[in-house]
Amino acid sequence: MVEPEELAVVAALNETLERLGRGIDARAIDAAGRIPSELIEQLADLGLFGLSLPTEHGGYGLSLSACGSVVAQLARFDRSVATTVGLHLGLGSRGLVAFGSPQQQAELLPAMALGRPIAAFAATEPGAGSDLTAVRTRVQEGGRGVQVDGSKIYVTNGALAGIFTILARSPGLGGNKRGQSLVLLRDTDEGVKVGAEEGKLGLRGSSTTSLDLDGVQVPADRILGVPGQAPEQLAHILAWGRTMMAAGCCGTGRAALDAAHRHCGFREQFGRRLSALPVVGQQLAEGEALLFAMEALVRYAAGSDEAGLRTRSLAAKVLCSEGGWELADLAVQLHGGSGFIEETGVALLLRDARVPRIFEGANDVLRVHLGLHTAGSAQPVEGDSLEAEVANLGVALRERLGARLGGAPLMMHALGSLAGLALASRAAVERAEQEASPQATALAETWLRLARLRALPHLHRLREASP
Amino acid sequence: MLSPAHQTRILGILTDLTAIPSAEIQPGDRLSEDLGMDSVTRMELVSMLAEQFDLDIELEEAVAVEDVRGILALAEARLGHG
């Protein structure tokens, strides 16, 4: 939930974005492969790059929920723009906000709040994607403090950024034999070289580059927090980033459903408007219920304490990225042949919706992680809700497998999939209770029915994989 | 003490999971800070121990282990000596 004191700020920002958004030409951004610098200036002038940054450093100091709401609004108009801003607010700046020293924050955050510089996050390498324990980039004592060597790929905001949070192995630093640390690098640091823009299936307006780090020597205080603590820091930063990304997926879902409603409201086939056809009507209604649950899960995750956020952000990232893709696909399908033509704009929504299922942790990896967490922590729950059923399955698996849980990825994948549906169900019910409207109740009830249906194949797989 | 054969097998599992040569792994190495294992890799480690040695290990006990010495002790307590 957006905090009450933030509601006015968020409402004003979203109203402004509604006007600004109508002027955003998503297809032109897609064709050009870049966001016009004037638009980035406008976003910066609105203060969007400071939404999540502390007020004492020139930001708005908004909660994760509030930031997610704004990013979702941006994504309705263009996903590349939403990704650029959302990455800066989440993965790009969260490390500095949460773990930076007062000096680092005072030096960097005021300018970052103005979007000058924009922030990026560089973890992925050719041999280290979802498995970040495999990074080869190293930071070690050298030069006038520490030296960083290595290379990164798929750096979102790469060509726009002036500051990078880098994940690197840090042997010997902080008294740890191995371990990993996060390091802040500037684009102006000698030895930092930003690669060429990647050609992509979607999100073409969002910058994606490689990053070469060749003997980059910086003061030791560029390391964020305590050396060797990157795994713990990453858990927090990724939870923020994944929740922000899930919010963007909700914006894509809204744009897709709006386009589908518009088209089905005037297009006639078989002598009737498409929206009057029972199958189409059901698809649109179920799409709205899915979006209701996606939005509810983002709010549920964003409003959690740190431990809850870390788990629920996994579920939100998986459910919302799959949901955004599903809704964009539905919009293409309901547009018929015209959906396949770029002019209608829904083809772009579909292309843009593909990569969120992959980046910031491939969904199937995150499902296994969520399953492991569920099995490792579940407590017996009474009742016949999906949440109770999944919790009791988790308890049963833990009792049966004990320490062998980590060797049962197929079962953990199925359990993680079920856990995502269960969390979304709980979130949808809570949202309906908060909104207390007949429409919200109906959407939540539809989602609960859908979630039960969607649980069936995973329950089957769980039985199939059980020893 | 665990038998040398058991120790070698356990160090081999650690090498498989971390790509760190067995000869470089010391009993005092911490699983996270020194061997770079995250929570999922640690669960894989105890799972592989349970599988390969056919051990009954409680999950809560296994995830509480913080270093290589603890892993060796966990195995020793169940395998006995030799």
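Reader: How many salt bridges join chain B and chain A, and what makes a pair of side chains a salt bridge?
Author: The count is 5 between chain B and chain A. A salt bridge requires a side-chain nitrogen of Lys or Arg within 4 Å of a carboxyl oxygen of Asp or Glu. Before we go on: this is a predicted model, where local features need pLDDT of at least 70 and side-chain atom pairs count only at pLDDT 80 or more, while totals for chains, interfaces and linings use all residues. Residues are numbered from 1 along each chain as its sequence is written, chains are lettered from A and ligands numbered from 1 in the order in which they are written, and side-chain values use heavy atoms, with hydrogens and water left out.

Reader: Why do Arg178(A) and Glu24(B) count as a salt bridge?
Author: Their side chains meet at 2.8 Å, N to O. That is within the 4 Å limit, so the pair qualifies.

Reader: How many residue pairs between chain B and chain A are in polar contact, and what makes a contact polar?
Author: There are 15 such pairs, both residues at pLDDT 80 or more. The rule asks for N or O atoms within 3.5 Å; within protein, one must be able to donate a hydrogen and the other to accept it, and residues adjacent in sequence count only if both atoms are side-chain atoms. On the chain B side, α2 (39–53) and α3 (59–63) each supply at least two of the residues touching chain A, and α2(B) gives the largest share, 8 residues. These elements are DSSP runs numbered from the N terminus: helices are H or I of at least four residues, strands E of at least two.

Reader: How do you know how much area chain B and chain A bury?
Author: Buried area is the accessible area (1.4 Å probe) that two parts lose on being put together, summed over both. For chain B and chain A this comes to about 1700 Å², 51% of it on carbon and sulfur atoms. In chain B, Glu33(B), Met43(B) and Leu59(B) lose the most area to chain A, together 28% of what that side buries. In contact terms (heavy atoms within 4.5 Å), 26 residues of chain B meet 16 residues of chain A.

Reader: Which salt bridge involves Arg351(A)?
Author: The side chain of Arg351(A) meets that of Asp30(A) at 2.9 Å, N to O. That value falls within 4 Å, so the name fits.

Reader: Why is Phe270(A) called exposed or buried?
Author: Buried means under 20% relative accessible area, exposed over 50%, and partly exposed in between (1.4 Å probe, protein chains only). Phe270(A) has 76%, so it is exposed. Phe270(A) sits in the loop between β8 (268–269) and β9 (272–273) of chain A, with phi near 55 degrees, a positive value in a residue other than glycine. Most residues other than glycine have a negative phi.

Reader: What class does Ala436(A) fall into, buried or exposed?
Author: Its relative accessible area is 62%, over the 50% bound, so Ala436(A) is exposed. Ala436(A) lies in the loop between α13 (409–435) and α14 (438–465) of chain A, and its phi, near 50 degrees, is positive too.

Reader: And what makes Val63(B) partly exposed?
Author: At 46%, Val63(B) lies between the 20% and 50% bounds, so partly exposed is the right label. Val63(B) belongs to helix α3 of chain B.
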